[in-house]
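Q: Hello! I would like a close look at one part of this model, with the cut-offs spelled out as you go. Could you walk me through it?

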Amino acid sequence: MRPGFSPRGGRGGFGDRGGRGRGGFGDRGGRGGFGDRGRGGFRGGRGGFRSPDGGGFRGRGGGRGAPRGRGGRGGFGAGKKVLVEPHRHEGVFICRGKEDALVTKNMVVGESVYGEKRINVEEGEAKIEYRAWNPFRSKLAAAILGGVDQIHIKPGAKVMYLGAASGTTVSHVSDIVGPEGLVYAVEFSHRSGRDLLNVAKKRTNIIPIIEDARHPHKYRMLVGMVDVIFADVAQPDQTRIVALNAHNFLKNGGHFVISIKANCIDSTAAPEAVFAAEVKKMGAENMKPQEQLTLEPYERDHAVVVGVYRPAPKKK
Amino acid sequence: MLVLFETAAGYAIFKVLDESKLQQVDSLYKEFETPEKANKVVKLKHFEKFQDTTEALAAATALTEGKIGKSLKKVLKKVVAKEAHEQLAISDAKLGGVIKEKLDLSCVHSPAVAELMRCIRSQMETLITGLPPKEISAMSLGLAHSLSRYKLKFSPDKVDTMIVQAISLLDDLDKELNNYIMRCREWYGWHFPELGKVVTDNLAYCKAARKIGDRTNVATTDLSDLLPEEVEAEVKLAAEISMGTEVSEQDIGNIGHLCDQVIEISEYRSQLYDYLKNRMMAIAPNLTVMVGELVGARLISHAGSLLNLAKHPASTVQILGAEKALFRALKTRKDTPKYGLIYHASLVGQTTAKNKGKISRMLAAKASLAIRYDALGEDTNAEMGAENRAKLEARLRQLEEKGIRRISGTGKAMAKTDKYQHKSEVRMYDPSADSTIPSTSKKRKFEEVEEEDEEETPTTPAVKSKKAKKEAAAAAEGEEEEAAETDETPKKKKKKKKDKKAAEEEEAMEEEQEEAPVTESEKKKKKKKKKAKEEEEDE
């Protein structure tokens, strides 16, 4: 059920710098580049270097920054006509233009979370803004483009996101579930937690939890029952982590979507063996896997497993 | 049975109406499928709402740590204590233990309880009456934000990122300072090169250059507060016969600015160092006492944080900083390095080279304990560090004295020495150089026998012939060439030397002692020939 377009995805990093309200990323790239040059030992001439190289530098910084966004500068120039149509999954859209991209509807109009491209479309009188979703940075986007059957994250759903990091994919999940849904974002690292908190400030359907996901009882006060658990924790005992959270917070018949990194679980075993072992572990915890797919070509040795937790017994 | 259920809005105490349903754990969820059914199983007994977000935050933090907060204590006393015969079902076993201890209420936590909690959670909004529908989610959002903020801001005093940043800045400053000082010397040296040679201290140089300015002013400037008298006199002398170029006011002005910068940065550097010392003493006092501030700060910076450093085993702490050498040695199966950053600790610095490895290992072991105490312990005193350091210093003294007592194990046992092997270091006198008169055959045989005996005692036949050759060659070349023969054992060299110096009496005695094994007749002949050659050459 592959959508029939080239999976360029949201490769936009640096499309139109001019029309961007938050051109910060370009400057950041430039300044970052400068810092590297400075460290190379050009200290004496630092003052002199600034002005003539300003313009050139931004380009270079941009060049260096773009690989971070894993994309070229192509895609959508300002003012080009593009067509946005809904994807098979509810809440996700495809933007058709010179290159196709996966997009979600921006809940906070006018703002980019991690410097991604924004697309404005007029539908009659309403102006709708969409944000490009980069499959190289987000496992969920890679899974969708890879053709996963069901992601179970839909408008109005309550999602628990384990391993939220700086909130880049969480923001897209928040876009999908919309104002009626809720996203409980769990992240342990303080550094990333700070960024996550900033994202959550703007989006009121994200509840940030700076806690270790291994101890769900520590944040039981903040969380209600959820419909879906999405896990991207990259820990060797991640199945146990998801199981603990599921036992506590996932409703009966709820679904889970787990991203497995083979290297992280066991770097010596073959990836297929690792995935099979993980699936077996899930079975022991009353979690029934329903589909599995690898994230080629976006990630190497990664797989996504979708399943159901405590399915309702089949009526005979 | 009562159930304690915590929510973001407050504490809820439920009463289980139908305990028999709890027996069938697997079908319990069916009873909670609709609000009406749920109300038949449990009933809300009491709901203690949080007054404001501060109270909620306090309750949430207490919950995270597994302790009883004030509001929880209040609720429990008010409601549950009255029905002490009832058990209290809770979600956290640890909390249950604490409640039992402090309030003497029997708590229960089991898979059935966990299932019950799940079901209550699924019907949370309907079971807790008296709350407007969206309030719980709004409260949990607010509470989550304040809780996260609290976590991220936590404890500015114990934060070790300050140390990491300070030590990195110290290194950066040193590099910059060095660059600037070299530039200053170079630049001013065009005008007054002799000053650079006379004044070796960098900071004094910059201050002097600043004060002097143009070297024509030297006679009038007073440098006594910067330099010692002799140096000042030298400077004044050198200024008169200086071969530097003339420079304009503007140039001197700019050089002066650079000198100002250098002086300022030097001052800031010493200030920063004091700051670092203070922070280190505050954050990791035991580590500071054991290895010193700089080494301690570098260790913390290398590991990333004090907690990370505490997680490393002592063997890692020993070689932190020598990773390149470590992995290279591991890959090529050679010896791994014995010390990394810890090499610069004073305890390791003050030992002899032979003992540095041992001290480094011991220091790493004790330092690792100190680090863990600092990172995870609750007190902040330096007693433990001081004790450990005293122990280490005592051991160091023992090592240096090469004590025959063992360091570890039972103190009374004597250290094991090598098994005694008699290595004969007897020197033999070589009379071959004594007389220039060709000796009789009888004498030759006598000498040959001696030589053979000497040579036989420690070595095998194959080596003997080699040694005979060597001896011959050496004797021919003379004593000065002895050093060039690296294969020659020291004892052989000694023998040769003695051979040429000592008296024959020793020879005779030696002969008696070493009337030893049979030699091959061929060897005798070879040696005879060589001896003959030797003697001829000596003549």
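What follows is a request about one residue and an answer that starts there and then moves on to other parts. Which helix holds B:Ser148, and which residues does B:Ser148 touch?

A: Happy to help! A word on conventions: this is a predicted model, in which local features need pLDDT of at least 70 and side-chain atom pairs count only at pLDDT 80 or more, while totals for chains, interfaces and linings use all residues. Residues are numbered from 1 along each chain as its sequence is written, chains are lettered from A and ligands numbered from 1 in the order in which they are written, and side-chain values use heavy atoms, with hydrogens and water left out.

B:Ser148 belongs to helix α7 of chain B, residues 135-153; helices are DSSP runs of H or I with at least four residues, strands are runs of E with at least two, and both are numbered from the N terminus. With a relative accessible area of 2%, B:Ser148 is buried, where buried means under 20%, exposed over 50% and partly exposed in between, using a 1.4 Å probe and protein chains only. Leaving aside residues up to four places away in sequence, B:Ser148 touches A:Leu197, A:Pro208, A:Ile209 and A:Ile210; contact means heavy atoms within 4.5 Å. Within chain B, the C-alpha atoms of B:Ser148 and B:Leu57 are 9.9 Å apart, with their positions 91 residues apart along the chain.

On the partner side, chain A has eight helices and twelve strands, and 53% of its 316 residues count as buried. Among contacts in chain A with a separation of 6 or more, 63% join residues 24 or more positions apart.

Back in chain B, an open sheet of five strands runs in the order β3-β2-β1-β4-β5 with mixed pairing; two strands pair if DSSP finds at least two bridges between them. The edges are β3 (42-49) and β5 (107-108), each pairing on one side only. Strand β2 (residues 10-16) is antiparallel to β3(B) over seven bridges, and B:Gly10 has B:Lys49 in β3(B) as its bridge partner.

Lastly, the cysteines: the structure has zero disulfides over all chains, a disulfide being a pair of cysteine sulfur atoms within 2.5 Å. B:Cys259 is buried at 0% relative accessibility, and its closest cysteine sulfur, in B:Cys184, lies 3.4 Å away, so the two are too far apart for a bond.
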